[in-house]
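Welcome, and please have the model open as you read. The notes below go strand by strand and then step back to the whole.

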Number of protein chains: 2
Amino acid sequence: MNIFSTNPAQNPLFQTIRRRRGKVQDPHITLAHGSGGKAMRDLIDDIFVNTFDNSILSQLEDQATFNLASLIQQGDRLAFTTDSYVVDPLFFPGSNIGELAINGTVNDLAVSGAKPLYLSCSVILEEGFAIETLRRIAESMQTAAKKAAVQIVTGDTKVVHRGAADKLFINTAGIGVIPAGVTISAHNIQPGDAVIINGEVGNHGTAILIARGELALETDIESDCQPLNDLVQTILNVCPQIHAMRDATRGGLATVLNEFALSSHVGIRLHENYIPIREEVKGFCEILGLDPLYLANEGKLVVVVRPENAETVLSAMKSHPVGKHACIIGEAIPSPPGVVLLKTTFGTERILDMLVGDQLPRIC
Amino acid sequence: MNIFSTNPAQNPLFQTIRRRRGKVQDPHITLAHGSGGKAMRDLIDDIFVNTFDNSILSQLEDQATFNLASLIQQGDRLAFTTDSYVVDPLFFPGSNIGELAINGTVNDLAVSGAKPLYLSCSVILEEGFAIETLRRIAESMQTAAKKAAVQIVTGDTKVVHRGAADKLFINTAGIGVIPAGVTISAHNIQPGDAVIINGEVGNHGTAILIARGELALETDIESDCQPLNDLVQTILNVCPQIHAMRDATRGGLATVLNEFALSSHVGIRLHENYIPIREEVKGFCEILGLDPLYLANEGKLVVVVRPENAETVLSAMKSHPVGKHACIIGEAIPSPPGVVLLKTTFGTERILDMLVGDQLPRIC
């Protein structure tokens, strides 16, 4: 047992050095953290595996695996989605990029009626990014994942040199199971259907713009970033025959309704005075020449149901904390197909087209 | 039918303008292509939906869905993985970021024994990126997807302002099904097991470094970027009891073997003179002070099997175009656990540790 032994198997010093793993020493991300080597393994162990804490991820295989038998007990179809998150700034009133990366993908699964189950997490880090900030973001992801009852089961870490990426980008992909009998699609809408939303629009976009600090404006508006999967289950419990459902994120409420109108070849009439918008958001939009109907949200669900189901769905939504401000804001009409019309507060009617150009880059 | 009609339903001009969709007009990516609005929809239609051409993606729902019944016919477990690709340059001898983004994720599924089925594709684009380059990359992705028999079924597009990302990053996540009875894991290795590789190591890393053009060196070395799933199926057909299998990407062969040794608490002895390395790669590494065993590969499979299965697996691999240079390069040993030893060409033995630091950033 000589520490200068040339046989490494008999060298206790070597064994000690080799086993000291699992804690990141540097205060900042270096290129070595993306190398595939020891520094990367330590970063993954210390930040991600410890924080996301589940038995699938901690296997550290190149892929997560789960039994199909347990999935098929929960439904008959698999839902699969992905989103990259590039929001700027990383932290903003009411939320941050980590929570957003979980809720965004959870919500893209939930709007199909799926029960979200498993998420991946892939990060692209700029050299020099603070490890403590990364830890805070990972903790936010885990808190959000727990709240939405999903597990982060596989991941990837890449590091690019300073200036090749702006701080941190996160991609999450997600898998969920859709219960038998649920068929929600943007193509299903029929004239006469009611359009329901679960609350105020425009808060997320406004919160981000104000957080950028380029405007001398102050408000207490916070992002509405929240998981919608539990609300969706509440709705499906009272009405499994939802026609269409989507979360109004990038492009806002107006974009979702345009997508619905185009996919289902129906018109949609929206009533401006029914749409819940905070007075501060209205004021903010007026000053900047923005339209709140195009502002991004991160916790707003647009539900389209047969008129005879509207009241049942509405009252179920109102009974849920995430839907307590739910209201009917419009209806599908036979003509003009593919077009969204806005009945304004003045009683006139105008086309609410798809967003042309870009109001706010890097909103999500 | 007056084109000045204030009722949009009766305005034929409006209808004509509105229907002209699906072709990107700008030569370069603008922030509007990430807005969620019309420009983004046109980009997605024109570049991604047209190129990836499948009925699941073209639904343009927020999530792809597939029947669990059809999955369960192919195996009993689901495999799920993700990787982001940040390789620099985007095009390099033998491959490009698009092909890499498909093969990398296909291979991460394949090494579990899974049949890869469905991929997602999420791109982060820098404002100003050339649309035609994006189209070429998407076409490479589709060619690679076809070759690997997978479909790209869901995706996302984000745009960041000039300077906030270096040209283009791609994330792919993937889903596959593992046949019943196949249990491959880095934790399964037993002393005595044989370590087999399907061909030359270090080509991808060398090709990337030379493509960066910072060195006054020229070679004809090309990336080995290729899908491994068909080779894996060939191996499983003759020997379903593979102990461990992984593709040697970032961190190279040395890193994979260290991961195996740590996970299975065994030692691994590697024989330097058995490892296939091109003379040009050796020469290149000598000049630059690099070690080819740590250089990234994108089509190299490391397979660990019981000694009595080694010859069967080896000859099956040699019969496959992707495995024709396969050879046995080492064996698992009881001690020192967690350590990889390299028996050098000079007959001495040294520790082949995990990569410390970073040889080559943005290699994949």
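## An enclosed strand

Let us begin inside chain B of this predicted model. Here 11 of the 11 residues of β7(B) are buried, so the strand is largely enclosed by the rest of the structure. In a regular strand, side chains alternate between the two faces of the sheet. On β7(B), B:L168, B:I170, B:T172, B:G174, B:G176 and B:I178 point one way, while B:F169, B:N171, B:A173, B:I175 and B:V177 point the other way, and all are buried.

What are the neighbours of β7(B) in its sheet? The strand order β1(A)-β2(B)-β7(B)-β5(B)-β6(B) puts it between β2(B) and β5(B). With β2(B) it runs antiparallel, joined by nine bridges, and B:R77 has B:I178 of β7(B) as its bridge partner. With β5(B) the pairing is again antiparallel, over eight bridges, and here B:L125 stands opposite B:L168 of β7(B).

## A sheet that draws on both chains

The sheet around β7(B) is open, has five strands and shows mixed pairing. Its edge strands are β1 (64–67) of chain A and β6 (151–160) of chain B, each of which pairs on one side only. From one strand to the next, the twist averages 15°.

It is worth following the sheet out to both edges. Toward β6(B), strand β5 of chain B (residues 115–126) runs parallel to its partner, with nine bridges between β5(B) and β6(B); B:I124 is found opposite B:K158 of β6(B). At the other edge, β1(A) and β2(B) pair in the antiparallel sense over four bridges, and A:T65 stands opposite B:A79 of β2(B).

## The counterpart sheet

Now turn to the open five-strand sheet with the order β6(A)-β5(A)-β7(A)-β2(A)-β1(B), where the pairing is mixed. β6 (151–160) of chain A and β1 (64–67) of chain B stand at the edges with a single partner strand each, so one side of each is left without a neighbour in the sheet. Here too the twist averages 15° from one strand to the next.

Within this sheet, β2 (residues 77–85) and β7 (residues 168–178) of chain A run antiparallel and are joined by nine bridges. A:R77 stands opposite A:I178 of β7(A).

## Two copies and an axis

How do the two chains relate to one another? A turn of 180° with a shift of 0.0 Å along the axis lays chain B on chain A with an RMSD of 0.0 Å. The two copies are thus related as by a two-fold rotation axis. In chain B, the C-alpha nearest that axis belongs to B:A165, 2.1 Å from it.

The contact between the chains takes 75 residues from chain B and 74 residues from chain A. On the side of chain B that touches chain A, the elements that each supply at least two residues are α2 (38–52), β1, α3 (68–72), β2 (77–85), α4 (97–110), β5, β6 and β7 (168–178). The largest share, eight residues, comes from β2(B). By type, the residues on this side of chain B divide into 36 nonpolar, 23 polar and 16 charged. Of the interface residues of chain B, 99% are also interface residues in chain A, so the copies meet through the same surface.

## A helix pair in chain A

For a look at helix packing, take α4 (residues 97–110) and α5 (residues 131–147) of chain A, which pack at an angle of about 35° with their axes 7 Å apart. The crossing of α4(A) and α5(A) is right-handed.

On the α4(A) side, the contact is made by A:I97, A:G98, A:E99, A:A101, A:I102 and A:N103, and on the α5(A) side by A:I137, A:A138, A:S140, A:M141, A:A144 and A:A145. These contact residues divide into eight nonpolar, three polar and one charged.

## Chain A as a whole

Stepping back, chain A has 10 helices and 14 strands. Its C-alpha atoms fill a box of roughly 90 × 55 × 30 Å, taken along the principal axes. Of the 364 residues of chain A, 56% count as buried. Among contacts in chain A between residues at least 6 apart in sequence, 83% join residues at least 24 apart.

Conventions
Residues are numbered from 1 along each chain as its sequence is written. Chains are lettered from A and ligands numbered from 1 in the order in which they are written. This is a predicted model: local features need pLDDT of at least 70, side-chain atom pairs count only at pLDDT 80 or more; totals for chains, interfaces and linings use all residues. Two strands pair if DSSP finds at least two bridges between them. Axes are lines fitted to C-alpha atoms, for helices over the stretch in contact, and angles run from 0 to 180 degrees between N-to-C directions. Copies are superposed by least squares on the C-alpha atoms of residues with pLDDT of at least 70 in both. Two residues are in contact if their C-beta atoms, placed from the backbone, lie within 7 Å. A crossing is left-handed if the near helix is turned anticlockwise from the far one by less than a right angle, and right-handed if clockwise. Ala, Val, Leu, Ile, Met, Phe, Trp, Tyr, Cys and Pro count as nonpolar, Asp, Glu, Lys and Arg as charged, and the others, Gly among them, as polar. A residue is buried if 20 or more other C-beta atoms lie within 10 Å of its own, exposed if 12 or fewer, and partly exposed in between; C-beta atoms are placed from the backbone.
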